[in-house]
Every structure is written in C-alpha cells, then in structure tokens.
Amino acid sequence: MSKIKSISLDPSKSGSNGLEGMYKEYFLDYASYVILERAVPAIEDGLKPVQRRILHSMKKMDDGRYHKVANIIGQTMQYHPHGDAAIGAALVNLGQKDLLIDTQGNWGDYRTGDSAAAPRYIEARLTKFALEVAFNAKTTEWQISYDGRNKEPINLPMKFPLVLAQGVEGIAVGLSTKILPHNFIELIKASIKALEGKRFKLYPDFATGGKIDVSEYNGGKRGGKVKVRAKIEQRDKKTLAITELPYGVTTNNLIDSILKANDKGKIQIKKVIDNTAAEVEILLELPTGVSSEQTLEALYAFTNCEISISPNAVVIEDQKPIFCSVEDLLKISTENTKALLKLELQILKDELLEKWHSVSLEKIFIENRIYRDIEEAESFEEVLKIIRKGLKKYVRTPKEKSKANDKRLKLKREITEEDIIRLTEIKIKKISKYNKFKTDELLASIEEELKRVNYDLKHIVDFAIAYFENLLEKYGKGKERRTVIEEFDTIKATAVVAKNAKLFVDRKEGFVGTGIKKEEFVSECSDIDDIIAFTQAGKMKVVRIGDKVFIGKNILHTAVWKKGDERTTYNMIYIDAKSGKAMAKRFNVKAITRDKEYDLGTDDPKNKVVYFAAHANGETETVQIQLTPGCRAKKKQFEFDFADLDIKGRGSKGNIVTKWPIKKVTQLEIGESSIGSMDVWLDLQSGRLNKEGRGKHIGAFDSGELVITLYKNGTFMLNEFNLDKKYDVANLLDGSKLYEDTVVNAVYFDGEKGWTMVKRFMIETRSTDVYTKYITHHKSSKLYFASLDDETVVNYSFKKNNKKTEIELDLEEFIDIKGWKAAGNKLGDFKILKISGVQNEELDTEDDSISNNSKKNTAKAVTKATSKSQKTKSNSKKGSKSNLSPGDTIEFDF
C-alpha cells in the first residue's frame, strides 16, 4: 500500500509544498491553461484551440460533401481533450456565423435563441472561402496532439482578419476578451488601406442589423463602449414594429424586457405579437391615447431595445495576452497575411526551380544520349559515376560566365545523388517517345511562371493588395453593412417614462407621495421622478418619489423637479427672524443633493415665508403687500414688482422689501418672462429640438407657443413647444415656429383628377398633436413639394407626349392664399418627375458680366414665362425658410 504524501497548508511555510507554493504551482498553471488553451484566441489565426481543432478535423474529412456533425465532433475529439458537448457548442457557434462552415439542417437561430438540432441530424462542410484562406499544409507549423497519436496545427495559416470578422468572447481566470464582429467588406478594404499605408477606422457590424452609436468605441479597447439599438418602425398611430435586433439580444429576451417594463408602468403596451420567421417582426399594439413616439423612446430607455456593450480586445501573442485596438489587430493580421503570401510564393518558386531542374536534367540526359554510356557499366555505382561525368559540363559554376557561343543548357544548381538515381529510373518507353518540342515548351512555361513569381516577390505589397481585391470580388457579394451607424440622442428616462403614478401632498403634516390618495392631488408623475418641495419655514428639499415621504410641516409648493432646469423660476418673500425685515428673492434650482434640506434665506429656524410662487418660464409678477394696521409705517399698502429683482441662486438672502410687519401678500398680475425667448433649432436628422444650433433655426420661443411641422405624406401637425419632443424623422419635411401669418406652400398630385395642383394656405386650426391632411385623400394622391416659405420659387420637370420639359415657377405669384381645405389651382394634367426649391435671391446667373438690371429682367422673364395666362397676386409674410435649400431635389419615379 503506497503512502499518501502530506501537504502542509501552513501559509508561514514557503516552498512548493506550502499554501503559497500551491497557489504558485497549481492556481497559476490552471489560470495560464484557461487563458492560453480555452478562452482567448491567438493573434495569428483568430481562433481558440477548440475552433482550430474543429476546422482542422473538417479539412482532413473534406471531400466536398456534407458530414454529420456527430462525426465531426468524434473526429475533433482526437485533438481536443474535452467533452463532446464543448466541441458541439463551439461547432454550432462557428456554423451560425456563416463564414467558414456551410451548414445543412436545423442549426438553431441566434435571433430567437432557439438551439440547434441534435448532432446526428445536422450536417456541415467547409466553405470555399475557408478552404482558400485558412489552409495550406506547406505553410503550417505542426505539433503533437495531447495524447501523442496525431499531429495538429499550432496555428492555421489564416490569410484574413478572421477574429475581427467573426468577433469573439471568452472569460478566463482573471482575464476576459470581447471583440465585436466587423463588416467583411470593410475589413478587406481596410486591409488594402493598411498595405497602402493609409489611415482607416473600423466599426462593428452585426448580422442582426439594428443601429449602433460608435462615438465612444475607442478602437475596441478597454474603457470603450458602444450603444446598440433595435430598429423600430411606426406602422400606424397604435402600432410599433421591431424589425431588427440589438447585437446579443434574442426575440424572447427582448419581449421579456418589454413585458417587465410594462408591468412596472415604465411603458404602456396593450399587446405584443411575435411574428418572427424568415425576418424579425415583433408588433407592439398601444392603448388608446398613448403616444407612439414617446413609447418608442421609452422602449430604448427601459427595455433591451437599447443596450450598452463594453469591448475588450485581448488576443494571445507569443504565449502572452496582449491588449490592443481593432486597428492594431487588423494591421497585425494584414502583415501576417502578407508574410504568408510571401512564404507561399517562395515555396512555389522553390518548387518551380526544382521542376525546372528535373525537366532540364531529363532533357540533357535524353537529348545527349548519356543513357548509352552506361551500357557497358558493370555495377550500379559505376552507372552513377558515368552519368555524373556526363552531366558535369552542364552545371554552371558560381564563377562561370555565360559565353555567347555556348548554347548548351546550363543547370542552376549542383547535381545530387538523388537526381542521378531518378534519371536511372526513367523507362525506355519514355525515352523512345521523348518530344523535344514539348519539353522546350514546358521549360519555357516554367521559366515564364518563375518570372511572374519573382516579380510578385519583389512587389509583395501589390500582390497582397490584389489578393484582398480578389477575395472581395469572389466573396463580398451579399456581405454589405447591416448595422446603421448613427449618433444616438441621450434619452432622459424621466422625459419618456409613462405617467404611471399620481403625486399627492399633505401640506399640514408635511408629506408628499403616491400613497396618500386621500390628500390633495398635485399632478401626474412617474415612479422614477424627483419631487421638489418648499415649506413655510423657508426650507427646500428634493426627494425620490415614494408612497409617503416626509419633507417638513406646512408645505407651500411641491412639483416634479427636473435637473438642470434653467427656466423654472421661484419668487419668494420671507420674514428674516433675526432682523424682522421682509426679504424678496427670485431663484432657480438647477442642481441639488437628493434628500438634503436647504435653507432658502438665513439659517434661523424661526424664518417664515409669507409669499411663494413658481413660474415655468421665468415670468415676473406684481404683488400687493398689506402691512399690519398697528405698525407706524405711513403707507400700509403698496405694490411690489418682482421684475426689479435679478434671478440668483437659491442661497441668496434677497432684497429688503419692508422693515415693517406684513399682514398679507396678494398676487395682482403675472408679467412677461424675464428670461426672454429661447432660440430653438430643429435637427432634421434626429427629429429633435435643441438650443445648441444643430439643424435649422425655427424661431425664438416663449411658453405656450406652437411648432408646426410638415410631413411627406401631405400632413401637418401643431405641437406645443417642448424641447423633449421627438418628431417623426423618417417623414419629416420641414418645421417652424407657428406665426399668425404662417403660410404653407404645396405642390401635389391629385389622384382622383389626375392633375398636379398648387395650393397656399394659412393655418386655421390650433388643435395640437393631430396630423391634418391638406392634400386629397385619394390613394394615388402624392405630395411633391411643401415648405413654410411663401417666397419660394421651384424648379420642376415633367414629361408629356414623350417630351421632357423643365420650368421655373414662383408659387407666390401663381396662386393666392386660400383655406387649407381648398384643392388649389391646377398646374397641369401631368406628373412631376423632379422638383426642387430655389430662393428668389439666388436666381442670379453665374456670369458676373451680366448687370444687375439684366439679372432682374431675366428673373422677371422667367416668372412671366412660368405664370403665363395665369392671374397673379403677390403676398408677403415673415416666416422661416424651407429646409429644401438650392440644389436639393426630391425625385419620384413613375
């Protein structure tokens, strides 16, 4: 019976048998093994060991036909020391990437999360692309397999940036890697740029499509991140359709996150229908009265319709993990490909030289009848000696120079014994049928190929570029980018969350919350809102909403608070307990520490607020102040205008109103905003209003003013000004502040009459959040052009009687302003091919030699020609300009 060796666990003991030794020997060995042999891909071929062994096994089995996956797994187990489950999972993962493995049968669906059928039911083989870029036995380095019975490749000779094309994810001991997949075509083009020494950038691309924000990608290195979104379409007012998924999110996972958000009240969904088959389609039916635009943004804010991914590019190089960017990875891969191509060319050159040498030897041996000299030889050694002597004069020595009169074929290397033995093995039949012409042709073709190979070796960069261009031509079709790159707007959760709660206040006892329903109702809110409250003692606090939250007794005002709100202004008059004076102040609350109590005046606990008002847009107000009858003030009633005060921080003490005791303060009137109007721009790319100058300037806004937007389907909509509003960017055509004299200009096709019509109208309705159609409702009716500038001149073209005509028309002179329900004036019984807007001031010709008068006459002539036989009338208006600028064109095909 063998003795069990004892191991000391005393950490004080050093050495291989102590605990410290165990960590050094066992733990580090295990960590190194997992990092190098399981989780992290090699930089040379972009493969983990299990993937490499699967591909190697499939190459050995390759006969052009499909093989059962169960058989492939069994063959791979000769090289991979782990179970069949790990091999099968890795094989299915490779097959679903649709790059190296051609699959047959039910391989599962990465979009829905459905698993593949059992290995005995599905089949696979290598793709033509894999056979071309991943295998070459002549350039492969080999090692002994884990059991010593077989040889396996150390790395596959991969001539393509596979790790960037497929992406990879692995978790090791104390180390992880996450490289996102990139576009096939873009990788090849980037490799070509790398060879040309040009700069390039790489961004992820996913088979699931969707959208991606790469502004913080950071080259795929640690610390970077990308945001990915589902593609969501608005089918109608009550239906949203998810047609593309974020990377790594399945339909089941996405639906679960939507249902959870709905259950928590973050969004309001009536019904979820999963129609996913060949294409992804998840329909979301909305309840009546729920905004589809707000729901769309709430889906991004509260569900897996938007996720954040943090890449971490780690690969193995020289048996060590390295951290690098995807651009560095591609450069290394491209240089590796160039080196492999050079090695292949060198091997081909050596083979051609060897073939040339062999054919030349046979030519010399047969044409010079050296075989006859060996007839009298008595031994094999003598035969070899005679042949060597006969060939000696055909070998070119290093010092020998070719002579002009010496037309003998000269060999390019020394003759070996193997060469001579091969000559002795030539059969008489071959000698008797020897054809000198064919041999010379063969030598010429070999020499021609050698020239080409030598040229390619000298111009290896050009050769490598041609190699990548060939890959792009052969395999690039159908591999175009699927994920749209765009910069996402930051969605404020508080702005898009459904109003799923109601805020109540118990002013006397000092509580706010959603659970005290018997008390005073304040407003609708959501369960993630912050609530601000002010008390009569001059205290302020911001808290997260809850069922019942204590603020302080005698609450004067409470509301939902928005961080960074620069426009909401608070007007306050309080009594300073120390001096007895009444102080007035105006202030904003832009930033706070939640749950902290703030003093709004002096820190005396006996301070008392006698007047408080909140105004959403910084409005001023006038109040009447009544003093106590017993005070010695001569004037016991007077007015105070808050417009005389500047807006300061919440900690300011304020200005003195009176030193006498106050009996009552009454609001007389609310004045204009002291903050002034807000300049606003409409970003037509994102459909967002903003103050930063992005997009088209649409006006300066005060509270209560309206925005008008025009859409491609022949509708307009009015909305109350709200910076959080997002417009339907897919159909948005133009937008502006709504003025009293705003005029809409439109050119459209009346499907019922078959005419092209022009109309100009003012906005008569003030109904908000409703699409109003201003072209005819016939299914063939179509909007050609619309703008909010009645001074717009348009260029349009049409085809009639097989003749194409281009005309310039001043809409203002062509038609008067009419009601929005009017059909308009007939332009012609034709369909417009192209139409573009041209501002009147840009009608000048480009020839500087034409005088101003002649330019004006030209413009008038054009106007007269286009409005011939039409009654014209001029109308003027102050308004915003159309977003169709000179040269912009909307094309319609019929």
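**A charged patch, an open sheet and a buried loop residue**

Asp 373, Glu 375, Glu 376, Glu 378 and Glu 382 form a negative surface patch; Asp and Glu count as negative. Such patches are made of residues with over 30% relative accessible area and no salt bridge, like charges being joined within 9 Å. A salt bridge is a side-chain nitrogen of Lys or Arg within 4 Å of a carboxyl oxygen of Asp or Glu. The model is predicted: local features need pLDDT of at least 70, and side-chain atom pairs count only at pLDDT 80 or more, whereas totals for chains, interfaces and linings use all residues. Residues are numbered from 1 along each chain as its sequence is written, and side-chain values use heavy atoms, without hydrogens and water.

Within the patch, Glu 378 lies in the loop between α10 (326-367) and α11 (380-391). Glu 378 counts as exposed because its relative accessibility is 76%, the cut-off being over 50% (1.4 Å probe, protein chains only).

A second loop, between β23 (549-550) and β24 (555-561), holds Ile 551. Ile 551 counts as buried because its relative accessibility is 3%; buried means under 20%. The C-alpha atoms of Ile 551 and Ile 532 are 9.2 Å apart, with the two positions 19 residues apart along the chain counted as their separation.

Further along, an open antiparallel sheet of four strands has the order β39-β37-β38-β42. β39 (732-737) and β42 (772-773) stand at the edges with a single partner strand each, so one side of each has no neighbour in the sheet. Strand β38 (residues 715-720) pairs with β42 in the antiparallel sense over two bridges, at least two being required for pairing. Strands here are DSSP runs (E, at least two residues), and helices are runs of H or I of at least four. Thr 715 stands opposite Lys 773 in β42.

Definitions and conventions. Patches are made of residues with over 30% relative accessible area and no salt bridge: like charges are joined within 9 Å, nonpolar side chains (Val, Leu, Ile, Met, Phe, Trp, Tyr) within 5 Å. Accessible areas come from the Shrake-Rupley method with a 1.4 Å probe; for residues, only the protein chains shown count as cover. The place of a charge is taken as NZ of Lys, CZ of Arg, CG of Asp or CD of Glu.
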